[in-house]
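Subject: A structure for you to look through

Hello,

I am passing on the structure we talked about, and I would be glad if you opened it before reading further. My notes on what was found follow below it.

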2 protein chains.
Amino acid sequence: MVRGRLADIKPAAVAEEPGAGVVERLFLAAEALVAEHGFEAVSSRDITARAGANLAAINYYFGSKNLLMFAIFKARAAELNRDRAALLRQAVARDPGDARGILRALIEPPTLWVSDERKMALRFLNRARGEGPREIREVIETDVRHLRRFADALATALPHFPREDIMWRLHFALGVLHHNSAADYARLALLSEGLCTPDDREALLQRLLVFIAAGFGV
Amino acid sequence: MVRGRLADIKPAAVAEEPGAGVVERLFLAAEALVAEHGFEAVSSRDITARAGANLAAINYYFGSKNLLMFAIFKARAAELNRDRAALLRQAVARDPGDARGILRALIEPPTLWVSDERKMALRFLNRARGEGPREIREVIETDVRHLRRFADALATALPHFPREDIMWRLHFALGVLHHNSAADYARLALLSEGLCTPDDREALLQRLLVFIAAGFGV
DNA sequence: AATTACGTCAAACATTTGTTTTAATCGATT
DNA sequence: AATCGATTAAAACAAATGTTTGACGTAATT
């Protein structure tokens with residue numbers, strides 16, 4: 001009786017082919033369902049039905065429903081952080097004093113993730129922040145290593161800023177970025193009478209960069 | 001057999017005295033519990049236990065648990081909107097071209113709501129945005145009348161801005177404001193190594209105003 | 001005093017949830 | 001071919017959920 005083989009799972013190896021393994025299908029089904037309907041609205045039965053798997057599959061392969069969610073979160077958060085870290089490295093290597101480049105490294109990945117799978121990943125991560133299981137939210141709250149890289153880079157680029165200022169503004173900038181769910185865009189589209197849509201991602205990236213960089217005075 | 005007396009309820013009349021009526025106690029208990037633990041973590045039994053009421057009281061007085069949540073949401077959202085609208089009126093009457101004053105009207109109420117009851121109300125509203133029942137989220141998405149007042153005022157104050165720009169920046173500004181849960185502050189405190197805490201509300205208001213006004217170029 | 005409406009209470013209801021169990025099935029290796 | 005481990009399948013499980021019921025008491029009204 002083998003159970004809870006979480007250690008064996010390679011979360012990055014997620015294929016989209018319909019004939020993919022059960023583990024991948026569960027991963028993608030859970031991610032898409034949560035992205036669309038939220039954590040609480042998605043049951044184990046919904047996930048296994050969409051994945052074409054048996055109800056027991058989640059517990060067999062992941063140990064529990066929450067561990068499945070945690071695996072998805074870890075995989076997607078790692079992808080996002082990796083993209084951001086790479087851009088941050090490039091920006092700092094190019095010019096350590098270019099605060100705008102550093103901010104762009106923070107903004108660009110979530111803004112330009114536009115493939116279907118990536119969109120789902122982003123919406124999953126966005127939801128996880130507020131609705132996700134306690135284990136996930138704790139990681140988000142307590143693991144600040146990724147953000148500290150940006151804080152340090154910004155402190156170097158803006159030596160005249162007190163560190164407290166850097167932190168607060170970084171906090172505000174993250175607020176802008178997290179406020180990017182489909183629901184938020186729906187309200188914006190309604191408010192602007194269809195004038196503002198998130199379709200043109202390059203334009204959105206520019207708007208975000210201009211707004212946030214202005215907040216940093218650069 | 002009388003049931004679902006929602007129409008009779010005056011949500012604004014919320015007293016804090018321990019001897020208050022069952023309706024008020026249910027209202028405050030549900031609000032506080034949701035503020036602290038989130039919508040999904042709070043059951044009807046939790047609420048009635050905290051309110052010192054019978055399990056059936058929620059359905060008797062409000063018709064259902066969701067209608068109770070909706071009543072709380074309506075009451076608190078109305079309070080917040082009323083405060084903001086009053087400040088907006090004053091700001092525009094003082095100087096229709098003062099964009100910063102308009103933005104302050106948007107920022108000040110949620111930032112200076114510091115009494116225990118008000119803090120609970122804010123955390124409830126913040127949670128409602130993402131985790132709340134569908135009915136609440138639909139109202140948030142579709143009822144943009146309140147925001148449109150600010151958009152119009154900003155458009156008047158900043159005539160050289162294309163309306164699209166106003167809308168996007170207002171959208172970004174709301175992102176900053178919504179990003180104000182206890183969890184977010186916990187992460188900020190950790191990230192800044194205790195440097196940044198939301199205790200000094202006047203200072204926080206100033207920081208928010210500076211950041212957002214800069215985003216509007218004013 | 002009788003009646004009526006209102007409020008409270010404990011109990012039960014029907015669902016749905018995540019998880020576990022037990023058996024059957026498949027596939028490769030011996 | 002036989003065996004053994006890994007996977008799938010169906011069923012059952014216990015716990016928790018929101019809601020409803022019907023009885024009981026009480027206070028006001030007729």
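In this predicted model, DNA strand C is surrounded by 17 residues, and the closest of these are Ser44(A), Arg45(A), Leu55(A), Lys65(A) and Tyr61(B). When you sort the residues of this surface by class, you will find eight nonpolar, five polar and four charged. Two helices each supply at least two residues of the surface near DNA strand C, namely helix H2 (44-51) of chain A and helix H3 (57-62) of chain B.

Which part of DNA strand C, the sugar and phosphate or the bases, supplies the atoms within 4 Å of the protein? Of those atoms, 51% belong to sugar or phosphate, while the rest belong to bases. Some individual contacts are worth finding on your screen. A base nitrogen of DNA strand C lies 2.9 Å from a polar side-chain atom of Arg45(A), and in chain B an N or O atom in the side chain of Asn54(B) is 3.4 Å from a base nitrogen of the strand. Tyr60(B), by contrast, places a polar side-chain atom 3.3 Å from a phosphate oxygen of DNA strand C.

Next, please turn to the aromatic rings. The whole structure, searched over all chains, contains 15 aromatic pairs. One of them is formed by Tyr185(A) and Trp168(B), whose rings are 6.5 Å apart from centre to centre with 70° between their planes, an edge-to-face arrangement. This pair crosses between chains, since Tyr185(A) sits in helix H10 (residues 182-191) of chain A and Trp168(B) in helix H9 (residues 163-178) of chain B. Are these two residues buried or exposed? Both Tyr185(A) and Trp168(B) are buried.

Why does the pair of Phe211(A) and Phe216(B) count as edge-to-face? The ring centres of Phe211(A) and Phe216(B) are 6.4 Å apart and the planes stand at 80°, and because planes over 60 degrees apart count as edge-to-face, the pair belongs to that class. Phe211(A) lies in helix H11 (residues 201-215) of chain A, whereas Phe216(B) lies in the segment after helix H11 (201-215) of chain B, and therefore this pair joins two chains. Phe211(A) and Phe216(B) are both buried.

These residues also belong to a wider group, for one aromatic cluster is formed by Trp168(A), Phe172(A), Tyr185(A), Phe211(A) and Phe216(A) together with Trp168(B), Phe172(B), Tyr185(B), Phe211(B) and Phe216(B). If you would like to follow one member of the cluster, take Phe211(B), which lies in helix H11 of chain B. Phe211(B) counts as buried because its relative accessibility is 1%, and buried means under 20%. The C-alpha atom of Phe211(B) is 9.3 Å from that of Val176(B), although the two residues are 35 residues apart along the chain.

The remaining notes concern empty space in the protein. How many cavities of 30 Å³ or more does a search of the whole structure find? There are two such cavities. The largest cavity has a volume of about 40 Å³, and its lining is made of Arg187(A), Leu188(A), Leu191(A), Leu147(B), His171(B) and Leu174(B). H10 of chain A and H9 of chain B each supply at least two residues of that lining, and H10(A) gives the largest share, with three residues. By class, the lining of the largest cavity has four nonpolar, one polar and one charged residues.

The second largest cavity, with a volume of about 30 Å³, is lined by Leu147(A), His171(A), Leu174(A), Asp184(B), Arg187(B), Leu188(B) and Leu191(B). Here helix H9 (163-178) of chain A and helix H10 (182-191) of chain B each supply at least two lining residues, and the largest share, four residues, comes from H10(B). The lining of the second largest cavity divides into four nonpolar, one polar and two charged residues.

Finally, please look at the largest pocket, which holds about 1,200 Å³ of space. Of the 39 residues that line the largest pocket, those nearest its centre are Asn126(A), Arg129(A), Gly130(A), Asn126(B) and Gly130(B). The lining of the largest pocket comprises eight nonpolar, twelve polar and 19 charged residues.

With best wishes

Definitions and conventions:
Residues are numbered from 1 along each chain as its sequence is written. Chains are lettered from A and ligands numbered from 1 in the order in which they are written. Side-chain values use heavy atoms; hydrogens and water are left out. On a 1 Å grid over the protein atoms alone, a cavity is a set of points where a 1.4 Å probe fits but cannot get out, and a pocket is an open set with protein on both sides within 12 Å along at least five of seven lines; lining residues have an atom within 4 Å of a point. Grid points are joined across faces, edges and corners, and a volume is the space filled by probe spheres set on the points. Ala, Val, Leu, Ile, Met, Phe, Trp, Tyr, Cys and Pro count as nonpolar, Asp, Glu, Lys and Arg as charged, and the others, Gly among them, as polar. A residue is near a molecule or strand if one of its heavy atoms lies within 4 Å of it. A polar contact is a pair of N or O atoms within 3.5 Å; within protein, one must be able to donate a hydrogen and the other to accept it, and residues adjacent in sequence count only if both atoms are side-chain atoms. Rings of Phe, Tyr and Trp (its six-membered ring) pair if their centres lie within 6.5 Å; planes under 30 degrees apart count as stacked, over 60 as edge-to-face and the rest as tilted. Buried means under 20% relative accessible area, exposed over 50%, partly exposed in between (1.4 Å probe, protein chains only).
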